[in-house]
Structures are given as structure tokens and as C-alpha cells.
Amino acid sequence: MDFGGGAGFLCFDLAKKGFDVDYADVDGQTLNFARHFFLKNKAAVKIINLSKDKIKSNYDTIICIDVIEHLENQKEVLNLFIKHINSNGVLIITNLDFNKIDQEQYDKHPMHIPMGFGAKKYLLNNGFRETKYPWMFIKSK
């Protein structure tokens with residue numbers, strides 16, 4: 001699952017390589033574009049409209065790239081990942097260390113929300129283990 005999949009290009013590429021892919025994003029123009037793009041290109045991608053639908057499946061891989069720092073419900077989203085990833089599943093997530101932002105940064109990037117808690121530690125305390133990559137975690141058995 002690509003959580004916060006934006007325009008859907010990553011999902012499209014993965015689907016074309018034969019992967020079973022779910023796209024999850026909130027209702028809006030990017031979701032509408034992704035839906036149109038998948039249909040136009042005959043990409044077998046399941047769409048989860050997070051504004052209306054709940055995540056129901058479990059996944060071997062969850063991808064969340066450049067998304068978590070834009071969300072107000074960051075811990076809730078991490079809990080979704082914890083709940084919906086299979087044992088030995090891979091979580092690819094960026095910007096977990098986005099904890100501080102000064103006023104000048106906020107003025108330039110008001111769409112960024114500091115984590116406010118130790119997200120990496122939270123994942124490690126909830127069944128994940130680190131890898132050699134700071135953005136990749138494996139769900140323990």
C-alpha cells in the first residue's frame with residue numbers, strides 16, 4: 001500500500017511490474033487524478049479513499065513517503081501501519097525525525113507539522129526493528 005500516494009505514479013510503476021498494489025489517499029484532486037490515470041493506463045490498482053473508507057487489508061509492504069509530516073494525526077497513522085502490516089512486513093517511511101520547526105521554517109513551509117513525539121522509538125516499541133536504512137523498518141513476528 002502506498003499511503004498518501006499523491007498522483008499515483010509509484011503505484012502505477014509497481015502495478016505494471018506485477019505487484020498487487022493499493023493506493024490510499026484523501027479525497028480531492030490528486031485522488032481523482034490518480035483514479036483517472038490508473039483507468040486510462042489500465043493499471044490494476046485498488047483505490048482506498050481515506051476520507052470515506054477504512055483500511056481493511058494487511059500488507060507485506062507499506063510505503064509512506066513525504067506524507068507523515070503533513071498530518072495532524074501522526075500517531076494514529078503509525079497505529080494504522082502497526083495494525084495493518086504483516087509479520088516480517090516492510091514499512092518505508094520518511095521524515096520520522098521531523099520534530100522541530102522554527103518560525104522561519106514554518107513561515108516558508110506552513111504545511112509541515114512537527115512530530116511532537118519520538119516516532120522512531122514508537123515504532124521500535126510497537127514491534128518494528130531497524131534496518132541499515134533510517135527510513136525502513138521490519139515488523140517483527
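1. Start with Asn88, which counts as partly exposed at 39% relative accessibility. Its backbone is worth a look in this predicted model: phi of Asn88 is near 65°, a positive value in a residue other than glycine. Asn88 is found in strand 5, and that strand covers residues 85-93.

2. Asp66 belongs in the same conversation. Asp66 is not a glycine, yet has a positive phi of about 55°. You'll find Asp66 in the loop between strand 4 and helix 3. Buried or exposed? Asp66 has a relative accessible area of 46%, so it is partly exposed, given that the exposed class begins over 50%.

3. Now the overall layout. The protein has five helices and seven strands, and from the N terminus on the order reads β-α-β-α-β-β-α-β-α-α-β-β. Along the principal axes, the C-alpha atoms fill a box of roughly 45 × 40 × 25 Å. The radius of gyration is 15 Å, which agrees with the value near 14 Å for a compact globule of 141 residues. As for burial, 40% of the 141 residues count as buried.

4. On to the strand pairing, beginning with strand 2 (residues 21-25) and strand 3 (residues 45-49). These two run parallel and are joined by five bridges. If you want a register check, Tyr23 stands opposite Ile47 in strand 3. Between the two strands the chain goes through helix 2 (residues 29-40), and this β-α-β crossover is right-handed.

5. Strand 4 also has a parallel partner: it pairs with strand 5 over five bridges. Here the bridge partner of Tyr59 is Ile85 in strand 5. Put helix 3 between them and you have a β-α-β unit, again with a hand to report: strand 4, helix 3 and strand 5 make a right-handed one. The loop that carries Asp66 lies between strand 4 and helix 3, so to speak on the way through this unit.

6. Strand 5 has another pairing to look at, with strand 7 (residues 136-139). In which sense do strand 5 and strand 7 pair, parallel or antiparallel? The pairing is antiparallel, over three bridges. Leu91 stands opposite Phe137 in strand 7, which is a handy pair to click on.

7. For anyone thinking about docking grids, here is the largest pocket. About 350 Å³ of space lies in it. Its lining has 17 residues, and the closest to the pocket centre are Phe3, Leu50, Asn73, Glu76 and Leu80. Which element gives the most to this lining? Helix 3 (residues 74-84) does, with five residues. By class, the lining of the largest pocket divides into eight nonpolar, four polar and five charged residues.

8. The second largest pocket holds about 250 Å³ of space. Its lining includes Met1, Asp2, Leu14, Phe19, Asp20 and Val21, and also Asn58, Tyr59, Asp60, Thr61 and Ile63. Strand 4 (residues 59-64) provides the largest share of that lining, four residues. The class split for the second largest pocket is six nonpolar, two polar and three charged. Note that Tyr59 turns up here in the lining as well as in the bridge to Ile85.

How values were computed: Residues are numbered from 1 along each chain as its sequence is written. This is a predicted model: local features need pLDDT of at least 70, side-chain atom pairs count only at pLDDT 80 or more; totals for chains, interfaces and linings use all residues. Side-chain values use heavy atoms; hydrogens and water are left out. On a 1 Å grid over the protein atoms alone, a cavity is a set of points where a 1.4 Å probe fits but cannot get out, and a pocket is an open set with protein on both sides within 12 Å along at least five of seven lines; lining residues have an atom within 4 Å of a point. Grid points are joined across faces, edges and corners, and a volume is the space filled by probe spheres set on the points. Ala, Val, Leu, Ile, Met, Phe, Trp, Tyr, Cys and Pro count as nonpolar, Asp, Glu, Lys and Arg as charged, and the others, Gly among them, as polar. Two strands pair if DSSP finds at least two bridges between them. A crossover is right-handed if, with the strands pointing away from the viewer, the path from the first strand over the helix to the second runs clockwise. The radius of gyration is taken over C-alpha atoms; the globule rule is 2.2 Å times the number of residues to the power 0.38. Buried means under 20% relative accessible area, exposed over 50%, partly exposed in between (1.4 Å probe, protein chains only).
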